[in-house]
Amino acid sequence: MISLKIDNKDVKVPEGTTILEAARKVNIDIPTLCFLKEINEVGDCRMCITEVEGRRGFATSCIQKVEEGMVVHTNSPAVIEARKMILDLILSNHHRDCLTCIRNGSCELQALATKLNMTEVRYDGVKNEHEVDDSSPSIVRDFNKCILCRRCVATCKNVQKIGAIASCERGFASCVSTVGNNSLNDVNCTFCGQCIQSCPTGALHEKDSTKQVWEKLKDPNSYVVVQTAPAVRVALGEEFGMPIGTNVTGKMVTALKRLGFDKVFDTNTGADFTIMEEGTEFLKRLKEKDNLPMITSCSPGWVKYIEMNYPENLPHLSSCKSPHEMFGAIIKTYYAAKQKINPEKIYVVSVMPCVAKKFERQRDEMKENGLYDVDAVITTRELARMIKQANIEFTELKDDIFDDPMGEATGAGAIFGVTGGVMEAALRSVYEISTGKELKQINFEEVRGQEGIKRATIKIGTEQVKVVVAHGLGNAQTIMEEIKQGKADYQFVEIMACPGGCIMGGGQPIVNSKTRATVNVREKRAKAMYTIDEKSKIRKSHENPALKQIYREFLGEPGGHLAHELLHTHYEPRKKYNI
Amino acid sequence: MLIKLFYINNKNKERRNVSNYCVSIKNEMEENKVENCSCMDEKLEKELEKILEQYTNVKDNLIPILNEVQIKYGYIPQIAQRKISEYLNIPMAEIYGVITFYSRFTLKPKGKYAISVCLGTACFVKGSEKIMERLKQRLNIQEGETTPDGKFSIDSTRCVGACGIAPVFTVNGEVYGKATVKKLDEVLDSLE
Amino acid sequence: MKTLEKIRKIREDKRKELDIRVNSEVGTKEKHILVCHGTGCTSSKSPKIIENFRKIIEEKKIENVRVIQTGCFGLCAKGPIVIIRPENTFYAMVTPDDCEEIIQTHIIEGKPVERLLCKDIDGNKVHNLDELTFYKKQKRIALKNCGRIDPEQIDEYIAFDGYKALEKVLLEMSPDEVIDEIEKSGLRGRGGAGFPTGKKWRLTKDVKGDQKYVVCNADEGDPGAFMDRSILEGDPHSVLESMIIAGFAIGANQGYIYVRAEYPIAVERFAVAIKQAREYGLLGKNIFGTDFSFDVEIRLGAGAFVCGEETALLESIEGKRGQPRLKPPYPANSGLWGKPTLINNVETYANITRIILNGADWYSSIGTQGSKGTKVFALGGNVVNVGLVEVPMGTTLREIVYDIGGGIPNGRDFKAAQTGGPSGGCIPKEHLDTPIDYESLKEIGSMMGSGGLIVMDDTKCMVNLAKFYLSFTVDESCGKCTPCRIGTKRMLEILEKISKGEGELEDVEKLEELANSIPKSAVCGLGQSAPNPVLSTFKYFRQEYLDHVKEKVCKTGECKALARIQIDETKCRGCGMCKRNCPVEAISGEPGKVHHIDETKCIKCGTCLTSCPFHAIG
């Protein structure tokens, strides 16, 4: 243990602790901007500077490790003055249009300006002017708001191992850019949206689709159906100041109804369909030893990734559409017929924790009879904005339940939003369907948890099935290299593009750097998901009564002809760069 | 005073990395400044493959490779960026980041007459700023730009090592020392 | 591969053969024509001169005459330079056409070519190089071989004690003894900051690690400095040998030298040196039959001043953008690819072999209390003898500018000198007698830097100078940290405003605030020192700033918007120099009568100002 003094408080911390962490331990806050725990610890922005007695110049507290007997001043007049000057300089090159900024109220720069009492910009000067890149369906890049913390670059390169954006140019012209400053649409970006999650300002954000949704809600000729992904309900509350990991399913349904959607459905049911189809596909492929391992295909960022980076391995991908696409297809066929509504009038909105879903929605493969399965995708954040815009006091809402006939989903569908959840849900059904026996232990702890790559061997009947779960594209790359080099002996692989799974998706409420460093957000959101599962009456997809009914009345067999037409798709190699 | 900056030394060709550095700078650059057409791309790709073959595919070879491509073509074509990206397994954005960081690497071909004014301190003190201003005024372009007809481009350098004859400017690597505005005008007149 | 015995033999034989290079009394019929082949003289056709000499000698079948290409002699202003040995005759500003006459008159007839002899400051022609005041006050340690040997001939290097230090180190000394010697010598890093070299070696040696690296920083970025380039061009083996010694001392088996790509000749020479050293077994496995193995590779920079910063340089070697790393950890602990790395500058290495051979006591007897040995300066700007000089630490600025440098040309006055390049500061007239060493320079607000020494006469505007350096830093800032990326840009904007005559007193305040704050908060040395040119001009030339701001006047006329270029009628004698030199024909006047400037035509280029022999324009 190391003893030191921070602002006259005695602190004892383990060796290797940074000044920043040590200060936080005794509730001394040091402002940061470029710091993102374990992802971007570079000390570039200089906000976290502190004074260390006996040292020339300031110490960078986010990197500098504590030393025995160190005496640190985090708020001396000199430090405050220097910080103010640095923030002043940052603001001098920032488009300060806070009122109309998408991050108004959730911006780390704005919060810092308030904290440091910035009532003027003293060192104003020329600003860099950049064109806004909004040509991708998922992500908008507005470099005019970038403060060059490079958190996005570190996330894209080191966590996701993509490197679609990088630090470019130098000096005052420095910027974060794609190759040749091309649109994200034309480079190797997977639209996972993790860059948005790491951005402290409004420089990176989702492409807003709320306008189209409002239009349709106003249109009396449209039948607007909304479905919500499993991960949305455990995070939406954060946008309204509720604790991280609060399950707000009931309030969310009420709010959606208040917004004027004609029907509010649960994508969890779509997830149950996915399990039926994917499980059936897996059993068939296992039996025929056809393109094993089979890899899940519900994460659109992951799908784009494999199309670009491992096109030769595409046959390993399950042919299943993702849950909301399956569900959209069923709404526009089975449900439309049953309710006698012209499918052309149905407008399906998916509320997703994901920005890549916006890209997935408009893929040519996601069309039936000229109609898209899903017409609009809005993220959790966009839904929150709509609720606020409609002046709904979210926290005060009473609970409501999803509409029938597809309202009730299983616990298996619920855990789709967390890493290992698809695998677990699939295993529950695959086991019972193939063995005909009831599972004694319904929880598959082996595939749960936050470890980047989880490997397990599951006994199904006489078969030993080797499975692996990877989340985050960096980990996906590791698995893909194993497969490519023929070193993989797994039969079933689950991959989600975002670290932690959909609960940490690019469309989820943004957690600021300090909270990320001090609260285990992943664990809290995951826990909420598993609690929903535990509390569900039915916890296996194949036992979902609504689903059984639809197969009986409409689809026929899982994996059958109609199911294939509506619920399955195909993938094609994709060029990394269209420049 | 017309003098040549790069004394081209052709011996010891077998050395890796540096081997191709001093050879051939000017002639090859001109040879490669052919008009763009699609058949060029294929030729380019083949040539690039040959360049890449000489290097192991480790990341620290990125800058030596870029140096070689820059010298050979006078800029770093996009095809080269893609080829290098594939070869070294580095995302294109990162390569672009490296190219735009170092001032010797350029993304656009230079003019037929690449004029460079030394703005090192010795030359500055002797008035090279005036030479640069005059040059920009005459050609009506800024530093780093090429005239629309592709004839001239302007750059600045920091010290070419000819401080003894400051201020200096160079045209395609040839040094003009003890430069004055008048001398610059004369040189430009002779090139037009 | 050469055995130790063979190398010793080469040293002995070659030394006898080359005695003519150092001994003017040697009784021989032989003549050596030494032609400078550094970048400066090469730019002035010295390769052609060599070619011509060789051709004529062959044509005339003259025997006992050799033409040798050497490194820089230092007196670049007088280049191309030709020296004839043994008599040590110094010919200045030689053209290829002069070769014939030199051969005929000097070599064949034995008479010096009077018109090509160099004039000393007193105006008298000098026959022997050693008599030139320029050389008299110098002490050449790092530059010892520059201008003496052919840098592409390893044997010539060996002749003058080359690789003898390596032999001594490998056969007689332990790594600790080597480091002790360097520590005792008091040598400090010549790259700028002046960190004790021995201490750096010790730190790197003491770090545990299976793989360590030795790096030579030859990314001489200071514009107007060319010491390192000249050493690499003139004596590459001395740097190579010292790197090998460093490898032995700290326990590294691989070295890298990072050279600016703008230095093609230096790169080429060093590459030749590596090749020759490998052939002789001086690089590679089991050097001199010991267990010690070492090799060196060249890496080229690609135009980024910041790569002179040691951690940025390491990033660049690794193939990345040259952005400095935050220190600690220092390279000694975590350098190239995270391994312990020793990184020194070219000039620092160039001193090592001499210290090993002559002893620490000898070295520490030169210089001042805190700064031992010599320092090489690239003397440039408004000074007569532009060139490369090496002086003992403690020499005063006045001695360098007036005695060695020959004073200010055109009868102008000394205004200031800048040391340390964009990171340094200016030294005004009142500090001309400051002895040059690390501490004294720091005390007066400048720094040693890598050795650029730019002299400015009284036609130079200090606001404009600060603006020049700031624009350099803004251009070269890596963009990593906020204070340097945006702060220096804002400083430059304010300076531009002031120089345009739009500055207000508040701008001066803001400039000062920024200049005082940035050094404390920037990440690396470049950012921390970026405001130095502003701080030092503030310190010594505050009034000039105030003139620009309050009076809206730039007295030197360098700030065009504030320039008032007029001809002083009392001084003008109507010589017509200004009229002839004006590029836009804005000056009119009859010969012998007062001239006038047409302000509507004048582009304020200042050419007339410098061309007027009577200082009548201002």
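Helices and strands here are DSSP runs, at least four residues long for a helix and at least two for a strand, numbered from the N terminus. With that in hand, Asn291(A) can be placed in the loop between α8 (267-288) and β12 (294-295) of chain A. Welcome to this predicted model. The tour below visits aromatic pairs, nonpolar cores, a sheet in chain C, a buried alanine and some unusual backbone spots.

**Aromatic rings**

- Over all chains, the count of aromatic pairs comes to 27.
- One of them joins Tyr213(C) and Tyr256(C): the ring centres are 6.0 Å apart and the planes meet at 55°, so this pair is tilted.
- Tyr213(C) belongs to strand β7 (residues 213-218) of chain C and Tyr256(C) to strand β8 (residues 254-259) of chain C, so the pair ties together parts that are 43 residues apart in sequence.
- Are these two tyrosines buried or exposed? Tyr213(C) is buried, and Tyr256(C) is buried too.
- Phe248(C) and Phe292(C) make an edge-to-face pair, with 5.5 Å from centre to centre and 80° between the planes.
- This phenylalanine pair also links distant parts of the chain, 44 residues apart: Phe248(C) sits in helix α11 (residues 236-250) of chain C, while Phe292(C) is in the loop between α12 (264-279) and β9 (295-300) of chain C.
- Phe248(C) and Phe292(C) are both buried.
- In chain A, ring pairs connect Tyr223(A), Phe265(A), Phe327(A) and Tyr335(A) as a cluster.

**Charges over rings**

- Arg361(A) places its charged end over the ring of Tyr372(A), 5.1 Å from the ring centre.
- In chain C, the charged end of Arg229(C) sits over the ring of Tyr263(C), at 5.7 Å from the centre.

**Nonpolar cores**

- As background, nonpolar side chains tend to be buried together in soluble globular proteins.
- How many residues does the largest nonpolar core have? It has 133 residues, and those with the most contacts inside it are Phe90(C), Tyr163(C), Trp201(C), Leu240(C) and Phe270(C).
- Helix α11(C) gives the most to this core, contributing nine residues.
- Tyr163(C) is a good residue to click on: leaving aside neighbours within four places in sequence, its contacts include Arg11(C), Ile154(C), His237(C), Leu240(C), Ile244(C), Ala277(C) and Phe288(C).
- Apart from the largest core lies another one, of 112 residues, including Cys175(A), Tyr305(A), Cys320(A) and Ile479(A).

**A sheet in chain C**

- Four strands of chain C form an open sheet in the order β2-β1-β3-β4, with mixed pairing.
- Which strands are at the edges? They are β2 (65-70) and β4 (89-91) of chain C, each of which pairs on one side only.
- On average, and with direction ignored, neighbouring strands of this sheet are turned by 20° against each other.
- Within the sheet, β1 (residues 31-36) and β3 (residues 82-85) of chain C pair in the antiparallel sense over four bridges.
- His32(C) has Arg85(C), in β3(C), as its bridge partner.
- In general, strands of a sheet pair through backbone hydrogen bonds, either parallel or antiparallel.

**A buried alanine in chain A**

- Ala255(A) is part of helix α7 (residues 249-259) of chain A.
- With a relative accessible area of 0%, Ala255(A) falls under the 20% limit and therefore counts as buried.
- Beyond its neighbours within four places in sequence, Ala255(A) is in contact with Ile387(A), Ile392(A), Phe394(A) and Leu397(A).
- Ala255(A) and Ile387(A) are 132 residues apart along the chain, and their C-alpha atoms are separated by 6.8 Å.

**Unusual backbone spots**

- Ala166(B) and Pro167(B) are joined by a cis peptide bond with omega at about -5°; Pro167(B) is in the loop between β3 (152-157) and β4 (169-171) of chain B.
- Another cis peptide bond runs from Gly79(C) to Pro80(C), with omega near -5°, and Pro80(C) is found in the loop between β2 and β3 of chain C.
- Asn291(A), the loop residue introduced at the start, has a phi near 45°, a positive value in a residue other than glycine.
- Asn291(A) has 33% relative accessibility, between the 20% and 50% limits, so it counts as partly exposed.
- Trp337(C) is not a glycine either, yet its phi is positive, at about 50°.
- Trp337(C) lies in the loop between α13 (310-317) and β10 (341-345) of chain C, and its relative accessible area of 33% makes it partly exposed.

Note on methods: Residues numbered from 1 in each chain as written. Chains lettered and ligands numbered in written order. Predicted model: local features only at pLDDT ≥ 70, side-chain atom pairs only at ≥ 80, totals over all residues. Heavy atoms only, no water. Phe/Tyr/Trp six-rings, centres within 6.5 Å; stacked < 30°, edge-to-face > 60°. Buried < 20%, exposed > 50% of the residue type's maximum accessible area, 1.4 Å probe, protein only. Lys NZ or Arg CZ within 6 Å of the ring centre and 35° of its normal. Core = buried A, V, L, I, M, F, W, Y, C linked by side-chain atoms within 4.5 Å. Contact = heavy atoms within 4.5 Å. Pairing = 2+ DSSP bridges. Axes fitted to C-alpha atoms, helices over the stretch in contact; angles between N-to-C directions.
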